Amino acid sequence: MSSFDHLMMTTPSTIALPRRGVLQELGEILTDVSQARGLIYQLTLRDIRIRYKQAAIGFAWAIISPLVIVAAGVIVRLVMVSMAGQPFGMANAAAIMVKSVAWGFFAAAIGYATHSLTSNWALLTKVYFAREVLPLSVILASTFDSLIGAGVVALLMPFIGWTPSWALLWLPLLVCLLFSLTLAAGLFFSCANLFFRDVRYVIQLLLTFGIFFTPIYYEPAALGARWIVPQMLNPLSPIVEGLRLSVVDGHNLLETIRRASDGALIWSPLYLAYSAVWAIGGLLVAALVFHRAQFRFAEYV
């Protein structure tokens, strides 16, 4: 057997690849994803069509889903404030609406991304392309859904007494951090689910109960001063709290907030910096792990 025949029979996982620097590898990932723009568009469009093609009410599900989360949140919050003997203001409803859209996007995107590799096994085994486009396309499809839900919430906000402020300028940064954190988790969990099929059950459990460990229906200070920082260790918490403070309360996120009664630190710019480290750093690490593992995907699919 010639050396050429031996090379052709060698599987991608056994080919000795030359060592490359991290920056070079990240550049290669960006190049591969950029060259697959057309494929990303087609897969995203396919995912959107599949979700609503045979649905009786079609795209209305993109409106109903966030409204159901908002309704559930309002009920939970009403029970909490009633037990505490506190009033339920329109600001509470606005905060729940804004944070529910963020949570709905995160939960839906992670749920779809986790299955993105296993549900596209035919593509993985027959065609070569940048595998990153599979979780990316389903997350972009979830972004489309969330934009519809966010549009509905934006239309409802003025009716509950909300007025815009300059703090809305924080919105693009917070959205970018949310998307980056979601993409990082989507890349990591989709890869992990391919090698360990019970990962999907863990993710389903986390998404089912994660809303109660993330300050969506309440503010972190509601559980007491000593529990504020532990809640903020969840990288998603500072992002959703930043959305509430900037969009609803009109607060500049560079300014610290302390509770007047006991001086508890309710908000600090360090919280947002912590989420930014998780979002950006997590995305870089997840992209590298995903890229290095993709040559073995066909063996486990």
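Me: Which residue forms a salt bridge with Glu-25, with the closest N and O atoms 3.0 Å apart?

Reply: The model considered here is a predicted one. In it, Glu-25 is engaged in a salt bridge whose closest N and O atoms are 3.0 Å apart, and the partner is Arg-292.

Me: How many residues separate Glu-25 and Arg-292, and in which helices do they lie?

Reply: Glu-25 belongs to helix α2 (residues 22-35), whereas Arg-292 belongs to helix α12 (residues 269-293). The salt bridge therefore links distant parts of the chain, and the separation between its two residues is 267 residues.

Me: Is Glu-25 buried or exposed?

Reply: The relative accessibility of Glu-25 is 3%. The cut-off for a buried residue is under 20%. Glu-25 therefore counts as buried.

Me: How many salt bridges does the structure hold?

Reply: Side chains of opposite charge can pair when their charged atoms come close. Glu-25 with Arg-292 is one such pair, and Asp-47 with Arg-46 is another, its closest N and O atoms being 3.2 Å apart. For the structure, the number of salt bridges is seven.

Me: How is each partner classed in the pair of Asp-47 and Arg-46, buried or partly exposed?

Reply: Asp-47 has a relative accessibility of 10% and therefore counts as buried. For Arg-46 the value is 30%. Since partly exposed covers the range between under 20% and over 50%, Arg-46 counts as partly exposed.

Me: Which residues does Ser-137 contact, leaving aside its neighbours within four places in sequence?

Reply: Ser-137 is placed in helix α7, which covers residues 133-156. With a relative accessible area of 1%, Ser-137 is buried. Beyond its neighbours within four places in sequence, the contacts of Ser-137 are Ile-40, Leu-43, Thr-44 and Asp-47.

Me: In which helix do Glu-241 and Arg-244 both lie?

Reply: Glu-241 and Arg-244 form a salt bridge, the closest N and O atoms being 2.9 Å apart. An α-helix has 3.6 residues a turn, so residues three or four places apart point the same way. Glu-241 and Arg-244 are three residues apart, about one turn of the helix, and the helix is α11 (residues 236-248).

Me: Which residues are joined into one network by salt bridges that share partners?

Reply: Glu-241 is buried at 1% relative accessibility, and Arg-244 is also buried, at 10%. Through shared partners, salt bridges make one network of Lys-99, Glu-219, Glu-241, Arg-244 and Asp-249.

Me: How far apart are the end C-alpha atoms of α11, and what span is expected?

Reply: Helix α11 has 13 residues, and the expected rise is 1.5 Å a residue. The expected span is 1.5 Å times one less than the number of residues, which for α11 comes to 18 Å. The model agrees with this, as the end C-alpha atoms are apart by 18 Å.

Me: Why is α11 described as largely enclosed by the rest of the structure, and how many of its residues are buried?

Reply: Just after α11, Gly-250 adopts a positive phi of about 65°. Within the helix, the description follows from burial: α11 is largely enclosed by the rest of the structure because its buried residues number 13 of the 13.

Me: How far apart in space are Ile-69 and Val-101, C-alpha to C-alpha?

Reply: Ile-69 is located in helix α4 (residues 60-84). Leaving aside neighbours within four places in sequence, its contacts are Ser-100, Gly-104, Ile-211 and Tyr-217. Val-101 is 32 residues from Ile-69 in sequence, and the C-alpha to C-alpha distance is 8.3 Å.

Me: What is the area of the nonpolar surface patch that includes Leu-67?

Reply: Leu-67 is in helix α4 and, at 36% relative accessibility, counts as partly exposed. A patch residue needs over 30% relative accessible area. Together with Ile-63, Leu-156 and Phe-159, Leu-67 makes a nonpolar patch of about 380 Å².

Me: Over which residues does pLDDT stay under 50?

Reply: The average pLDDT of the protein is 84, and 88% of the residues score at least 70. Where pLDDT is low, the predicted coordinates should not be read in detail. One stretch has eight contacts beyond four places in sequence and a pLDDT that stays under 50, namely residues 1-18.

Notes
Residues numbered from 1 in each chain as written. Predicted model: local features only at pLDDT ≥ 70, side-chain atom pairs only at ≥ 80, totals over all residues. Heavy atoms only, no water. Helix = DSSP H or I, 4+ residues; strand = E, 2+ residues; numbered from the N terminus. Buried < 20%, exposed > 50% of the residue type's maximum accessible area, 1.4 Å probe, protein only. Contact = heavy atoms within 4.5 Å. Salt bridge = Lys/Arg side-chain N within 4 Å of Asp/Glu carboxyl O. Patch = residues over 30% accessible without salt bridge, like charges linked within 9 Å, V, L, I, M, F, W, Y side chains within 5 Å. Areas by Shrake-Rupley, 256 points an atom, 1.4 Å probe, with all protein chains shown as cover. pLDDT = per-residue confidence, 0-100.
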